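Work through the following exercises with the sequence and the model at hand. Each task is followed by a solution in steps.

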Amino acid sequence: MSDIVLKDVCKEYRIGDISIRAVDRISFTIQWGEFAVILGPSGAGKTTLLNLLGGMDHATSGEILVRDRNIVPLNDKQLTLYRRHDVGFVFQFYNLMPGLTALENVELAVQVCKDPLDPKEMLERVGLKDRMNNFPAQLSGGEQQRVAIARALCKNPALLLCDEPTGALDSNTGRMVLKLLQDMGSDMGKTVVVITHNAAIVPAAQRVIRMKNGAVQEIMENDQPVKMEEISW
Amino acid sequence: MVKARRPARPLRAKMIRDVKAGWKSFIAIMLICLLSTALFMGFDATWRGMEQNLQAQFAGGNLADVWVNGRISDNSARKIALIDGVESAQRRVVIEAETDGLPGDPTIKLLMSDGMPHVNKPVVYEGVAPEKKDQCMLQQRFAEAHHLAVGDVLTVSVGERELDLTISGLGILPEFVMFNKNGESYTPAESYGYAFVSPETLGFLPYSEITLTLKPNADTAKVVRGIRDLLDENQTTVTLRADKTAVKNSAEQVDKLHALGLVVPLLFFLVATLITWTTMGRLVENQRTQIGSLFALGYGRRTLLVHYAEYGVLIALAGALGGIAVARQGFAPLLLSFLQTIYYLPGAAPSLHILTAVIVALGLMFITGGAGLLSARNALAEVPANLLRPRPPKKVKRIFLERIPFLWRRLSFSGKMIARNMLRNRVRLFMGLIGTIGCTALMLVGFGLRDTMAHATGNYYANVLLYDARATLIGGAPEGYAKSVANRAGAAGCEEEMVTSLDVFLDGDWKSKQAFVLENGQQLIDFRDESGNRIEPPASGAAITRGVADDYGLHVGDALRLHTNGERDAETVVTRIIDLEMDQGLYFSREAWRKLDLLPWAPNAALLKGDSMDLTRIGDMDGVTRVQTRDQEHDDSNTLLQTLNMVVVLLIGFSGSLALVVYYNLGQLNYSERIRELASLKVLGFLPREMKKLVLRENIILTCVGLPFGLVAGFYLQNLVTEVALPSPFQFPQHVEPSSIALIALLTIGFSLVVNWILGRKFRTIDMVEALKSVD
C-alpha cells in the first residue's frame with residue numbers, strides 16, 4: 001500500500017499586496033500506519049501543513065497524495081467527503097459539542113460515516129465507560145480530549161491528525177493522551193500524525209519531521225520507538 | 001506637564017467600530033425600536049390630532065351643550081335662556097330637502113337659526129357665511145362630491161316649495177363630525193349632505209329645535225330639569241352633547257385609538273427588549289478578551305459598563321428618531337385618512353406630542369441601555385485574568401424531555417440535538433416564540449379586519465337583503481303608491497318599508513334610535529337570531545338588533561318606553577334580538593307598529609324584487625327621490641373596505657418586518673454563538689446540507705410551534721381591535737377566511753425559510769481553520 005506523499009507543497013496567504021508563504025515547498029513521505037510527529041516552534045507552519053493534509057484548507061501548489069489520490073485539486077464538496085471518510089481530527093481545545101453528552105458527541109461523528117465503529121465500545125476503549133452520559137462541561141480536560149479521540153477514531157478513518165493534542169493539558173494527563181493515541185494507532189493500524197512543539201515525545205515517534213519558517217529542516221526515522229510511558233518530560 | 005484625563009476617546013472610537021462591524025444586529029435592534037416607536041407615536045399622534053381637530057371644530061362652532069327637539073313655541077327659547085346655568089339658547093329650523101339636478105338626487109339637510117347663529121355656528125373654510133336671504137354654506141365634502149363651488153346655485157325642494165340657494169361658502173357644522181342618513185351606518189357624501197342657510201330663507205317653516213350652551217360649571221342635571229319643567233316632557237327630547245351620536249362616536253373613537261396605541265406597541269417593546277438583551281449579550285460575550293485587556297490596562301468597571309450601555313442607548317436613539325419620523329409622515333397620516341372616511345375632520349393633521357416622544361425615546365434607551373449594562377455586568381463580574389483565558393464549556397443540563405425516556409428514545413439524533421439546543425437557550429426560545437406569535441397575531445388582525453368587514457357587508461347585501469332595488473319615497477306618499485312604482489319598474493315583488501327615528505328611554509334618558517317598520521310577513525329582509533334561525537319582527541313588541549341590546553344590556557322581555565317627535569308615547573317589550581351587521585335599531589312588523597299607536601303607517605321606501613326591472617322608468621317619478629340597486633348600496637359600503645385594505649397592507653408590513661428581524665437575529669445569534677460547533681461539524685465532514693438540518697431546522701420548528709399560539713392570540717386581538725376600531729352602528733361578527741389563515745401560515749413560515757436560506761449560504765463560507773484557531 002502506498003504512503004502519504006507530499007511533493008513541493010506551498011501555501012501562500014495574500015494580505016493586500018504582501019503574500020506570506022506559510023508552507024514553503026514541503027516534500028516528505030509518511031509510511032502507512034506510522035506514528036509521526038511534526039515538530040517545530042510556533043509559527044513554523046505546522047498547523048497550516050496539518051490543515052492542508054486534513055483537507056481543511058486548499059494548498060496553493062504542489063501535490064498531496066493520500067492513498068495515491070491527490071487531494072490538492074479537490075473542490076469543497078470532495079474535500080468534505082475526504083474529511084468525512086478518510087480523516088479524523090483531534091484539536092488542542094477538543095472542540096466538542098457542549099450540548100451533547102460524551103456518547104452523543106461520538107455518535108454525532110458516525111452519523112455521516114460509511115463504515116463506523118461502535119461509539120460505546122470506542123468510549124470504553126478510551127477509558128470513559130462510566131462518563132459516557134456526561135456533558136463536556138462535566139468532564140476534565142483529559143477526559144474531554146479522550147472523547148475527542150474516540151470521536152475521531154470512531155469514524156474509522158485511515159488518518160488521524162492531532163494538532164497540539166496535549167497543549168491545554170498538564171504533563172501527566174498529556175502523556176496519557178499521547179499514549180492512548182500511540183496505542184490506538186498501532187492497535188487499529190491507523191496512521192497518526194501529531195503536531196507538537198514538545199520535543200520530549202520524539203523518542204516515541206516512528207518518524208519526526210522538524211519544521212522551521214515554513215520549511216522542513218530535518219526528517220528522522222526511528223525503527224525502535226519507545227513506549228510513551230517510558231518517556232520522561 | 002499636564003496630566004492626561006481619563007481616556008474616553010479610544011473607547012468612543014472602539015464603539016464606532018463595533019457599530020460598523022456589527023451593523024446587521026445594530027440595524028436589527030434599531031428597526032425593532034423604530035417599529036415600536038412608529039406604532040406607539042403613530043397612534044398617539046393620530047388620536048391627539050383627531051382630538052385637537054374635534055376641539056377646534058367644537059370651539060370654532062360654539063358647539064351646543066344641549067339639544068332640545070320637538071314642538072318649539074315662540075317664546076320657549078327665550079324662557080330657556082333664562083334658566084340658571086344657561087349661557088345662550090337659539091332656535092333652529094331643521095328639515096330634510098331633496099336636491100334638484102344633481103346626479104343620484106341626493107338628500108340634503110337644511111338648517112337655519114333664528115337670527116345670525118351664535119350656537120352651533122357653521123365653520124366656513126372657503127367663501128363667507130350666508131347672510132343674505134337664499135344663501136347657504138354648503139357642507140364641504142358634499143360640495144366636493146358634486147363639484148360645487150362658491151357662487152354656484154343649488155336647487156332644493158322643501159315640501160311644495162322650490163328654493164334656489166346661492167352657495168356663499170363651503171365649510172362644516174361641528175355637530176356633524178360624523179354624518180349619516182337616518183337609519184344608515186355609512187352614507188357616502190354623494191348621496192347626503194347638509195347646508196346651513198341664511199336667516200329667513202326657511203321662514204315659512206316652524207322651529208323644531210333649540211340648541212343651547214351652558215355656563216362653565218353649570219349644573220347640567222338642573223338645567224335639564226328646568227327645560228323639562230318649561231316644556232311638555234312628552235313632546236320634546238333633550239339630548240346632551242355627550243349623547244349626540246356624532247359627538248359621542250368621535251369621542252369614543254379617540255379613546256379607543258388611545259387604548260389601542262397603548263396595547264399594540266407593547267408587543268414590539270417586549271421584542272425590542274429581548275433582542276437587545278440577547279444581541280448585547282453576544283456582543284459583550286464576543287468581546288470577552290477585549291474586556292479582559294481593557295481591564296488589564298486599568299480601565300474601570302464603571303467606564304466599561306457605561307461604554308456598553310452607551311451602545312444600547314445609541315441604537316435606541318437612532319430607532320426612536322426614525323420611528324417618530326415614520327409615525328409623523330407615514331403611519332399617522334394613513335390612520336387619519338382611514339378615519340376621514342367615517343368622520344369629517346377637515347385639515348386634521350397628526351399631532352406629535354413632544355413630551356410623549358421624549359418619554360418613549362427615553363424609555364427605549366432605558367431598555368436597550370439597561371440590557372447592554374446588564375449583559376456587560378455579567379462579563380465584568382469575572383476577574384480580568386479569567387476573561388483572558390478561553391471560556392470553559394457551557395454548563396448544560398439535561399432537559400425535561402430526557403426524563404421521559406419513552407419520548408426521548410424516539411427522537412432522532414438530530415432531533416435530540418435540536419431539542420436540547422432549543423431548550424437550553426431560553427431567551428432565544430422566548431424571543432423566537434414571541435416574534436412568531438407577534439407576527440402571526442398582527443397579520444391575523446390585518447387579514448381578519450378585512451375578512452370580517454368583507455364578510456359582514458357581503459353577507460348583509462347578499463344574504464340578508466333579498467330585494468334587488470330600493471326606491472326611496474317622499475314621506476307621505478299616498479296609499480298604494482309603492483305598488484304603482486313596482487308596476488312601472490316591472491318588479492315581480494314589492495314590499496313597503498318605513499324608517500323613522502324614535503326616542504327610546506334607555507339608561508335613564510331618551511336616546512334617539514332608528515325604527516324600521518316592515519310589512520307583516522315580509523320576505524325581503526332575512527333576519528336571523530343568534531343561532532342562525534330565521535325570525536320575523538313579531539306581531540307585537542319590538543325586535544331589537546344585537547348592537548342595541550349589547551349597548552344597553554337589553555334582553556328579551558325587557559320593557560321599552562318609546563316616543564316620537566313629541567307627539568305620543570308608548571310602551572312595549574323586547575320580543576326578539578336580531579343579529580344584523582348594519583342598521584342597528586328597532587324593527588317592527590306593521591301589525592306591532594299599529595298596536596303601538598305612535599305614528600301612522602307612512603312608508604318611505606319601496607323594496608323591489610325582480611329579474612328584469614327597468615329602474616330608469618321610476619327614477620323620475622314625482623314621489624320617488626332615489627333609486628338604488630342592492631349592488632350600488634353594497635358599493636357604497638365598499639368605500640370603507642378599500643381604505644381598510646391600506647391598513648391591512650400596513651399591518652402585514654409591520655408584522656413581516658417584525659418576523660424578519662426576529663428570525664434573522666435569532667439565526668444570526670445561533671450562527672455566531674455556535675460558529676465553533678459549526679466549524680467542528682464541517683471538520684467532521686458534514687456537508688452544508690446536513691449542517692442545515694442539524695442547526696437551522698430549529699427556526700422552522702420555533703415558527704411552527706409559535707404559529708398556532710399566534711393565530712389564537714391574533715384571533716382575540718382582532719376581536720378587540722374590531723370592537724375598538726369600528727364605529728358603533730356596525731355590528732360585525734368576527735370572521736376569518738380559512739384562506740387568510742393559510743396565507744398567514746405560509747407567510748410566517750416563508751419569512752422563516754427566507755432567513756434560513758440567507759443563513760444557510762453562510763455555512764459554505766465558514767472558515768474552519770479560523771473558527772477553530774481562535775479560542776473565543
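Two strands count as paired if DSSP finds at least two bridges between them. The model is predicted.

**Exercise 1. Describe the pairing of strand 3 with strand 9 in chain A, and place both strands in their sheet.**

Step 1. Strand 3 (residues 35-39) of chain A and strand 9 (residues 207-212) of chain A are joined by 4 bridges and run in the parallel sense. With the cut-off of at least two bridges, the two strands therefore count as a pair.

Step 2. One bridge can be located by residue: Ala36(A) has Arg207(A) of strand 9 of chain A as its partner.

Step 3. Both strands belong to an open sheet of 6 strands in chain A, with the order 6-7-8-3-9-10 and mixed pairing. Strand 6 (87-90) and strand 10 (215-221) of chain A have a single partner strand each, so one side of each lacks a neighbour in the sheet. On average, and ignoring direction, neighbouring strands of this sheet are turned by 15 degrees against each other.

**Exercise 2. Which strands of chain A does helix 1 lie across, and at what angles does helix 1 run to strand 8 and to strand 2?**

Step 1. Take the sheet of 6 strands. Helix 1 (residues 46-53) of chain A lies across strand 3, strand 7 (159-163), strand 8 (191-196) and strand 9 of chain A, and runs at about 155 degrees to strand 8 of chain A.

Step 2. Add the other helix listed on this sheet. Helix 5 (residues 141-154) of chain A packs on the sheet and touches strand 6 and strand 7 of chain A, with its direction at about 175 degrees to that of strand 6 of chain A.

Step 3. Turn to the open sheet of 4 strands in chain A, which has the order 2-1-4-5 and antiparallel pairing. Strand 2 (18-30) and strand 5 (69-70) of chain A are its edge strands, each pairing on one side only.

Step 4. Helix 1 of chain A also lies across strand 1 (4-15), strand 2 and strand 4 of chain A, at about 65 degrees to strand 2 of chain A.

Step 5. At the edge formed by strand 5 of chain A, 2 bridges join this strand to strand 4 (residues 61-66) of chain A in the antiparallel sense. Here Val66(A) stands opposite Arg69(A).

**Exercise 3. List the partners of strand 12 in chain B, including strand 20, strand 13 and strand 17.**

Step 1. Strand 12 (residues 493-506) of chain B runs antiparallel to strand 20 (residues 605-609) of chain B, with 5 bridges between them. Cys494(B) stands opposite Leu608(B) in strand 20 of chain B.

Step 2. Strand 12 of chain B pairs with strand 13 (residues 509-518) of chain B over 10 bridges, again in the antiparallel sense. Met498(B) has Val517(B) as its bridge partner in strand 13 of chain B.

Step 3. Strand 12 and strand 13 of chain B form a hairpin with 2 residues between the strands, in which Asp507(B) takes a positive phi near 45 degrees.

Step 4. Strand 17 (residues 559-564) of chain B pairs with strand 12 of chain B in the antiparallel sense over 2 bridges. The bridge partner of Asp503(B) in strand 17 of chain B is His563(B).

**Exercise 4. Classify the crossing of helix 20 and helix 22 in chain B.**

Step 1. The axes of helix 20 (residues 688-695) and helix 22 (residues 738-764) of chain B come within 9 Å and cross at roughly 130 degrees.

Step 2. Helix 20 and helix 22 of chain B are therefore oblique to each other. The crossing is right-handed.

Step 3. Pro688(B), Met691(B) and Lys692(B) of helix 20 of chain B meet Gly760(B), Phe763(B) and Arg764(B) of helix 22 of chain B. By class, the residues of this contact are 3 nonpolar, 1 polar and 2 charged.

**Exercise 5. How many residues of chain B are in contact with chain A, and which helix of chain B gives the most?**

Step 1. The contact involves 25 residues of chain B and 25 residues of chain A.

Step 2. Helix 12 (413-424), helix 19 (675-683) and helix 23 (768-773) of chain B each supply at least two residues of the side that touches chain A. Helix 12 of chain B gives the most, with 6 residues.

Step 3. The side of chain B that touches chain A has 14 nonpolar, 3 polar and 8 charged residues.

Technical notes. Residues are numbered from 1 along each chain as its sequence is written. Chains are lettered from A and ligands numbered from 1 in the order in which they are written. This is a predicted model: local features need pLDDT of at least 70, side-chain atom pairs count only at pLDDT 80 or more; totals for chains, interfaces and linings use all residues. Axes are lines fitted to C-alpha atoms, for helices over the stretch in contact, and angles run from 0 to 180 degrees between N-to-C directions. Two residues are in contact if their C-beta atoms, placed from the backbone, lie within 7 Å. Angles under 35 degrees count as roughly parallel, over 145 as roughly antiparallel, 65 to 115 as roughly perpendicular and the rest as oblique. A crossing is left-handed if the near helix is turned anticlockwise from the far one by less than a right angle, and right-handed if clockwise. Ala, Val, Leu, Ile, Met, Phe, Trp, Tyr, Cys and Pro count as nonpolar, Asp, Glu, Lys and Arg as charged, and the others, Gly among them, as polar.
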